[in-house]
Amino acid sequence: MPNIIPPKEREKIPYTKEQILKIFKRYDKDGDGQLSKAELKEAFAELGAICPGLRAWDGRRHADDDGDGFISIDKELDKLGDYTVGVGYIVN
C-alpha cells in the first residue's frame with residue numbers, strides 16, 4: 001500500500017514570485033503586453049483565490065501606477081507579483 005499523506009498533514013508550499021509572474025504572463029491572452037481585469041481574474045482563479053474578481057480589483061489597486069485599469073507586463077507586473085506573494089497562495 002502506498003504511503004499517502006493526508007491533505008492536512010502535507011507541507012504547504014507557497015508560490016514563489018517567479019511562479020506567480022509566469023502565471024500572470026500566461027494570462028495575457030491577447031498578447032497586448034498588459035493584463036485586463038478579466039485576465040487578472042482568471043489568473044487569480046488559477047492561483048486559488050476564493051473571490052478572484054475581488055483579488056483582481058485589489059491587485060490593480062496596488063500595482064496600476066498609471067491608473068489606466070490595466071497591469072503593464074513591462075512596468076507594473078513586478079509590483080503585482082509582490083502583492084500576490086504577500087497574499088500567500090499555496091501550491092496545490
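Two aromatic pairs turn up in this structure, which is a predicted model. Let's start with the rings and work outwards from there.

**The aromatic cluster**

One pair is made by Phe24 and Phe44, and it is edge-to-face, with 5.3 Å centre to centre and 70° between the planes. It ties together distant parts of the chain: Phe24 sits in helix H1 and Phe44 in helix H2, 20 residues apart. Is Phe24 buried or exposed? Phe24 counts as buried because its relative accessibility is 0%. Phe44 has 0% relative accessibility as well, so Phe44 also counts as buried.

The other pair joins Phe44 to Tyr89; this one is tilted, at 6.2 Å centre to centre and 50° between the planes. Again the link spans distant parts of the chain, from Phe44 in helix H2 to Tyr89 in the segment after H4, 45 residues apart. Tyr89 is buried, just as Phe44 is. Put the rings together and you get one aromatic cluster of Phe24, Phe44 and Tyr89.

**The core around the rings**

Now for the nonpolar packing. The largest nonpolar core has 20 residues, and those touching the most other members are Phe24, Leu35, Leu40, Phe44, Leu47, Leu77 and Leu80. Helix H1 (17-26), H2, H3 and H4 are the elements that give two or more residues to this core.

Leu47 is a handy residue to click on. Which residues does Leu47 touch, not counting residues up to four places away in sequence? They are Tyr15, Ile20, Ile23, Phe24, Thr84 and Tyr89, and Phe24 and Tyr89 also belong to the aromatic cluster.

Gly81 is worth a look too. This glycine lies in helix H4, and with a relative accessibility of 0% it counts as buried. Setting aside neighbours within four places in sequence, Gly81 is in contact with Lys17, Ile20 and Leu21. Gly81 and Phe24 are 57 residues apart in sequence, yet their C-alpha atoms are 8.6 Å apart in space.

**Salt bridges**

On to the charged side chains. How many salt bridges does the structure hold? There are six, and the table gives some of them.

| Salt bridge | N to O distance |
|---|---|
| Asp82 and Lys17 | 2.5 Å |
| Arg26 and Glu46 | 2.4 Å |
| Arg61 and Asp58 | 2.8 Å |

Asp82 and Lys17 meet through their side chains at 2.5 Å, N to O. The pair connects distant parts of the chain, with Asp82 in helix H4 and Lys17 in helix H1, 65 residues apart. Asp82 counts as partly exposed, since its relative accessibility is 43%. There's more going on at this spot: Lys17, Asp78 and Asp82 are linked in a network of salt bridges. Lys17 is also one of the contacts of Gly81.

Arg26 and Glu46 form another of the bridges, their closest N and O atoms being 2.4 Å apart. This pair, too, links distant parts of the chain, running from Arg26 in helix H1 to Glu46 in helix H2, 20 residues apart. Arg26 is partly exposed, with a relative accessible area of 49%, and Glu46 is partly exposed at 31%.

Arg61 and Asp58 tell a more local story. Both are in helix H3, and because they are three residues apart there, about one helical turn separates them. Their surroundings differ: Arg61 is exposed, with a relative accessible area of 53%, whereas Asp58 is buried at 13%.

**Helix H3 and what covers it**

That brings us to helix H3 itself. Helix H3 covers residues 52-63, 12 residues in total, and spans 16 Å from its first C-alpha to its last, close to the 16 Å expected at 1.5 Å a residue. Which residues of H3 are buried? The buried set is Pro52, Ala56, Asp58, Gly59, Arg60 and Ala63. Helix H2 (37-47), strand E2 (71-72) and helix H4 (77-87) are included in what covers these buried residues.

**The annotated stretch**

Finally, the record. An unreviewed UniProt entry places the feature "domain: EF-hand" at residues 15-50. In the model, the end C-alpha atoms of residues 15-50 lie 16 Å apart, and the span is 58% helix and 6% strand.

Methods
Residues numbered from 1 in each chain as written. Predicted model: local features only at pLDDT ≥ 70, side-chain atom pairs only at ≥ 80, totals over all residues. Heavy atoms only, no water. Helix = DSSP H or I, 4+ residues; strand = E, 2+ residues; numbered from the N terminus. Expected span 1.5 Å × (residues − 1). Buried < 20%, exposed > 50% of the residue type's maximum accessible area, 1.4 Å probe, protein only. Contact = heavy atoms within 4.5 Å. UniProt positions renumbered as here; feature names shortened; annotations may be inferred. Core = buried A, V, L, I, M, F, W, Y, C linked by side-chain atoms within 4.5 Å. Phe/Tyr/Trp six-rings, centres within 6.5 Å; stacked < 30°, edge-to-face > 60°. Salt bridge = Lys/Arg side-chain N within 4 Å of Asp/Glu carboxyl O.
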